[in-house]
Amino acid sequence: MATIEHWIGGRFTAGNGQRTGDVYDPAQGTVRAHVGLASAADVDDAVSAAETAFETWSQTSVTQRSRVMFAFRDLVQRYEDDLARIISAEHGKVLDDARGEVVRGREVVEFVCGLPQLLKGEFSDQVSAGVDSWSFRQPLGVVAGITPFNFPIMVPMWMHPVAIACGNTFVLKPSERDPSVSNRVAELYAEAGLPEGVFNVVHGDKEAVDAVLDHPRIAAVSFVGSTPIARYVHDRASATGKRVQALGGAKNHAVVMPDADIDFAGDQLVAAGYGSAGQRCMAISAVIAVGSVADPLIDRLRARTEQIVVGPGGQSGSEMGPVITAAALKRIETYIAEGESSGAKLVLDGRGLSVDGHDDGFFVGPTLIDGVTTDMSVYTDEIFGPVLVVLRVDTLDEAIAVVNANPYGNGTAVFTSSGEVARTFQRRVTVGMIGINVPIPVPMAFHSFGGWKDSLFGDHHIHGPEGIRFYTRAKVVTSRWPHVSEDSLAQLNFPTAQ
Ligand code: NAD
C-alpha cells in the first residue's frame, strides 16, 4: 500500500518516516493509503528549505510572481477533473461538489494574478517643503498554513496563493485525512515555474502542528479547523510572537420569515444543510422558523430531503456522499439519539442507512429534527454532519436574539421578501458573513472570509484585501533630496511640516 510523502524543497521525501497514519476510502470504509506523519525535524527541514527560497523569491519582481500565478491558475483549470477525483476519493464528497471547491480555490489564484495592482503603495507629494512620503508593503518570510479535512484544496488555497504572491514562502500542514491533493498542488506549482522551496507540504498530526506553532523561524500561521484547536493554535503561536489568524467552527442559522417564498427557502436550505453531508463550515445547521412559516416549511424540507440520493461520491447520480470517518459517523448518530431523547421530533432519521455494495461505508442519511430548543446538544454543539435542526420562534427579534446568543458567528442567512427585515437583520446580527436569501454566503475571493466570536481568533479575515495585509507588513519612507547649497534647516526640536 502506498505511503503519501511530504514535499520539501521541490521533491518528495519520506522524511524521518517513523510514524504513519491511515487514509480511508470513506465510501468503502477501507484504508486506501498510508500518510507519513512528520516529526519536528521534518518540519524544520521544510522551514529551512522555505527560508533559503525566501532569499530569492522575495526579491523576484511582482510581475514575475504574478506570471507564475497565471501559469498555476491555468494548470488548476486544466486538471480540474483530476483534482476533483483525488478529493472525492479521500474525502467522500460527490464529484460536482469537489469540482466546485476547485473552482472556488482557483478564484483566489485569479485574485492574486492582479498582484501588481494589489501591492501598490501610497505616495504623498510635498508633505513638507522638499519632502515626499510613501508607504509600501513587504513579505513576512516563512509562513505556514494548517488546514481541515473538509475542503482539502480550497481552504489551503485561501492561504498559499496570497502568501506566495506577496513574496513569502510557505509550509502547508494539510489534514491527514485527505492529504493527496496537496501533493498534486505542489506538482502543479512546480510545473508553473515556482522555484523549489517556495511551497512545501508536511503531512502530519499534532506533533507536526506543535512544531509549526513553536518554530522560531516561522513568521505567521493561518489556521482553519474546529474551535478548540483554533483557540489552541492562536494562543500557542501568539506566545511565540507569530502573527496568527485562526478560523474555527460554526453553527450557522437561517432565519425564515413568514413573508419568504417557502418553496425557494426550503430547497435552498436542503442544499445548504446536506451538501457535502453537512461537512462545511458554512453549512446551515439550524433553521429558525418565525411564526406561521414553520409547518409549511417543514413539509417542504421533508419533501425535498426525501429525494436526496445518497451514494459514493464518485458514482454518477449521487447527491450526498459518506462522512469522513467511522468516528464522525458514530458522533453524528449519537447526537441524533440525544436529540430524540431530549424530546425533539425526528422528522427524518438518517441513522442506520445502508448503501448497496458499500456496507462498511461511513454513510448517514439526511436527518431533519423539529421542535429543537437552545438547551439541546443537537443545537449547542457543532455536529458537522447531515443534520438540520428546526427551532420555532414568534418574532424576528427573538430569532436575532437566538443567533446572537450562540457562541459561534461564522455565517447566517435570512429568507424574506422585506428589505426592512433584511436590513435590520444584517445590521444587528453578531456574525461575520450574512446571506439575504442566500444560504451559504461565502465571500468571493476579492472580498475577505471570516467569522466573529468563536469562529475566528485573530484580527484578520482570510484572502481578499485582508489576506494581502495579513501576509505583508508596511514600511513608510520619508525622503528629501536637498540642493548642495541649501541651508540644512536642522533644529533640535521635533520636526514639523514647513
Ligand atoms: P480539526 O480542528 O480536527 O483539524 C484541523 C487541523 O488541525 C488539521 O490539520 C489537524 O491535523 C490539526 N489538529 C487536529 N487536532 C489537533 C490537536 N489536538 N493539536 C494540534 N493540531 C490538531 O478540524 P477538522 O475536523 O479537520 O475540520 C472540521 C472543522 O473545521 C469544523 O469545526 C469546521 O467548522 C471547521 N472549518 C472552519 C472553517 C472556517 O472557515 N471557519 C472552514 C472549514 C472548516
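The shell around the ligand has 14 nonpolar, nine polar and four charged residues. The model is a predicted one. In this model, 27 residues surround the ligand. Those that come nearest are K173, E176, S226, G248 and E382. Two elements, α8 (206-214) and β11 (220-224), each give at least two residues to the shell.

Now look at the ligand's oxygen atoms. Two side chains and one backbone are worth finding here. A polar side-chain atom of S226 is 2.6 Å from a ligand oxygen. E176 also places a polar side-chain atom by an oxygen of the ligand, at 2.7 Å. F149 takes part through its backbone: a polar backbone atom of F149 lies 3.1 Å from a ligand oxygen. How much of the ligand's accessible area does the protein cover? On its own, the ligand has 840 Å² of accessible area, and the protein covers 86% of that.

Where does the ligand sit? Its place is the largest pocket. This pocket holds about 930 Å³ of space. Its lining is made of 37 residues. Closest to the centre of the pocket are P148, F149, G225, S226 and I229. Two of these names are already familiar. F149 offers the ligand a backbone contact, and S226 offers a side-chain contact.

Next, trace the elements that line the pocket. α8 and β11 each supply at least two residues of this lining, and so do α9 (227-239) and α12 (326-341). Both α8 and β11 also serve the shell around the ligand, again with at least two residues each. By class, the pocket lining divides into 17 nonpolar, eleven polar and nine charged residues.

Leave the pocket and turn to the cavities. How many cavities of 30 Å³ or more does a search of the whole structure find? The search finds three. The largest cavity has a volume of about 120 Å³. It is lined by 15 residues, and G278, A283, S285, F384 and G385 are the closest to its centre. Seven residues of this lining are nonpolar, five are polar and three are charged.

Finish at a loop. S418 lies between β19 (411-415) and α15 (419-428), in the loop that links them. What does the side chain of S418 reach at 2.9 Å? The partner is the backbone nitrogen of V421. A second backbone nitrogen, that of E420, lies 3.2 Å from a polar atom of the S418 side chain. Both E420 and V421 fall within the range of α15 (419-428). The S418 side chain in the loop thus has polar contacts with the backbone of E420 and of V421.

Notes:
Residues numbered from 1 in each chain as written. Predicted model: local features only at pLDDT ≥ 70, side-chain atom pairs only at ≥ 80, totals over all residues. Heavy atoms only, no water. Near = heavy atom within 4 Å. Polar contact = N/O pair within 3.5 Å; in protein donor to acceptor, adjacent residues only side chain to side chain. Areas by Shrake-Rupley, 256 points an atom, 1.4 Å probe, with all protein chains shown as cover. 1 Å grid on protein atoms, 1.4 Å probe; cavity = no way out; pocket = protein on both sides within 12 Å on 5 of 7 lines; lining within 4 Å. Sits in = over half its atoms within 2 Å of the grid points. Helix = DSSP H or I, 4+ residues; strand = E, 2+ residues; numbered from the N terminus. Nonpolar A, V, L, I, M, F, W, Y, C, P; charged D, E, K, R; others polar. Points joined across faces, edges and corners; volume = space filled by probe spheres on them.
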